[in-house]
Amino acid sequence: MANMLVSSWAKNVDTIPENYVMPPDKRPGELVSVGSNIPVIDLAKSSNHAGLVQEILKASQEFGLFQPVFPIQEHRQPWLDKPARYRELVETYSAEMRTLSTRILELIGEGLGLEEAYFGKELSERQALVVNHYPPCPDPSSAMGSPPHCDPNLITFLQQKIYGLQIFKDGQWVGVHPLPYAFVVIIGYQLQIISNNKLVAGDHRAVTNSESGRTSIGTFVAPAGDCIVEPTKALVNGGNPALFQAFKYQEFLDDFVAKKDSQKTLEAFKINC
Ligand SMILES: O=C(O)CCC(=O)C(=O)O
Ligand SMILES: [Fe+2]
């Protein structure tokens, strides 16, 4: 059992096992710079609420990703690295993430001109915590930590201490700098669909490095399985016809798991004009 965990043997390898070597066209390549223009948004700027909403909306339209910073984390970093109190920590962490996601979803809803609680009910009913661990890799340019994809859910909150996350923007991969007191917010496909393509899902991947292992903590907020998702009526009219059909979220998720290619799943739910 212990040997099945990559982390138990990966420390001792000096070449990548063959099944981890990616075909040349799927490799991360060498030259990816850390982006200096990825939006970092200060949530404490409550004196300029309208400005904050606009900043979040613009980032969600242009990048599908942003990094909110908020002061509470300067005092308490909720990093889950103490297994002894893991259960308790996960409970507290999940509750805090719920508060943060509610806040961000309210700001996005406001920016889209929707009622305050629009995303607060069935559309955000599910919340899952996923901890990814990437061991150090002898040859990071030939292997991939997490292949390129968009998240199928509504919105994702990611915490990373070590660099590894990259976003595809303007035809190239850009590294997302791990800021110590910021989360990374990634717009998921359900927000793209509900906004009728006004917001874009962030296309991202994770690379490895040879010096150290990397752990990322993801909080995935998603609709209930039987929740009907469709472009919101508020953003659909004669000039802006609905670009996606209505579906049950579980149908979208099943297609995503079956196809293993997030873009193909999005295509399958488009209305063919
Ligand atoms: O580990 C990361 O930085 C990205 C993980 C990810 O994209 C995912 O779990 O969906
Ligand atoms: Fe992801």
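In the predicted model, ligand 1 is surrounded by a shell made up of Asn132, Tyr134, His149, Asp151, Leu158, Leu165, His204, Ala206, Arg214, Ser216 and Phe220. By residue class, this shell divides into five nonpolar, four polar and two charged residues. Three strands, E3 (126–134), E9 (204–206) and E10 (214–222), each supply at least two residues of the shell, and the largest share, three residues, comes from E10.

Oxygen atoms of ligand 1 are approached by polar side-chain atoms of several shell residues. For Asn132, an N or O atom of the side chain is 3.3 Å from an oxygen atom of the ligand, while for His204 a polar side-chain atom lies 3.0 Å from a ligand oxygen. In the case of Ser216, the distance between a polar side-chain atom and an oxygen atom of ligand 1 is 2.7 Å. Of the 290 Å² of accessible area that ligand 1 has on its own, 92% is covered by the protein.

The iron ion (ligand 2) is coordinated by NE2 of His149, OD of Asp151 and NE2 of His204, at 2.1 to 2.2 Å, and these donor residues follow the spacing H-x1-D-x52-H in sequence. His149, Asp151 and His204 also belong to the shell around ligand 1. With a relative accessible area of 19%, His149 falls under the 20% limit and is therefore classed as buried; Asp151, at 4% relative accessibility, likewise counts as buried.

Helix H4 comprises 27 residues (residues 86–112), which at 1.5 Å a residue should span 39 Å, and the separation of 37 Å between its end C-alpha atoms agrees with this expectation. Buried residues of H4 include Leu89, Tyr93, Met97, Leu100, Ser101, Ile104, Leu105 and Ile108. In an α-helix there are 3.6 residues a turn, so residues three or four places apart point the same way. Gly109, Gly111 and Leu112 are also among the buried residues of H4, and just after the helix Gly113 takes a positive phi of about 80°.

Positive phi values also occur at two residues that are not glycines, namely Asn196, with a phi of about 55°, and Asn197, with a phi of about 75°. Asn196 is found in the loop between helix H5 (189–194) and E9, and Asn197 likewise has its place in the loop between H5 and E9. As regards accessibility, Asn196 counts as buried because its relative value is 9%, whereas Asn197, at 32%, counts as partly exposed.

How values were computed:
Residues are numbered from 1 along each chain as its sequence is written. Chains are lettered from A and ligands numbered from 1 in the order in which they are written. This is a predicted model: local features need pLDDT of at least 70, side-chain atom pairs count only at pLDDT 80 or more; totals for chains, interfaces and linings use all residues. Side-chain values use heavy atoms; hydrogens and water are left out. A residue is near a molecule or strand if one of its heavy atoms lies within 4 Å of it. A polar contact is a pair of N or O atoms within 3.5 Å; within protein, one must be able to donate a hydrogen and the other to accept it, and residues adjacent in sequence count only if both atoms are side-chain atoms. Accessible areas come from the Shrake-Rupley method with a 1.4 Å probe; for residues, only the protein chains shown count as cover. Helices (H or I, at least four residues) and strands (E, at least two) are DSSP runs, numbered from the N terminus. Ala, Val, Leu, Ile, Met, Phe, Trp, Tyr, Cys and Pro count as nonpolar, Asp, Glu, Lys and Arg as charged, and the others, Gly among them, as polar. The expected span of a helix is 1.5 Å times one less than its number of residues. Buried means under 20% relative accessible area, exposed over 50%, partly exposed in between (1.4 Å probe, protein chains only). Donors are N, O and S atoms within 2.8 Å of the metal (3.2 Å for Na, K and Ca); water is not among the atoms, so sites may look incomplete.
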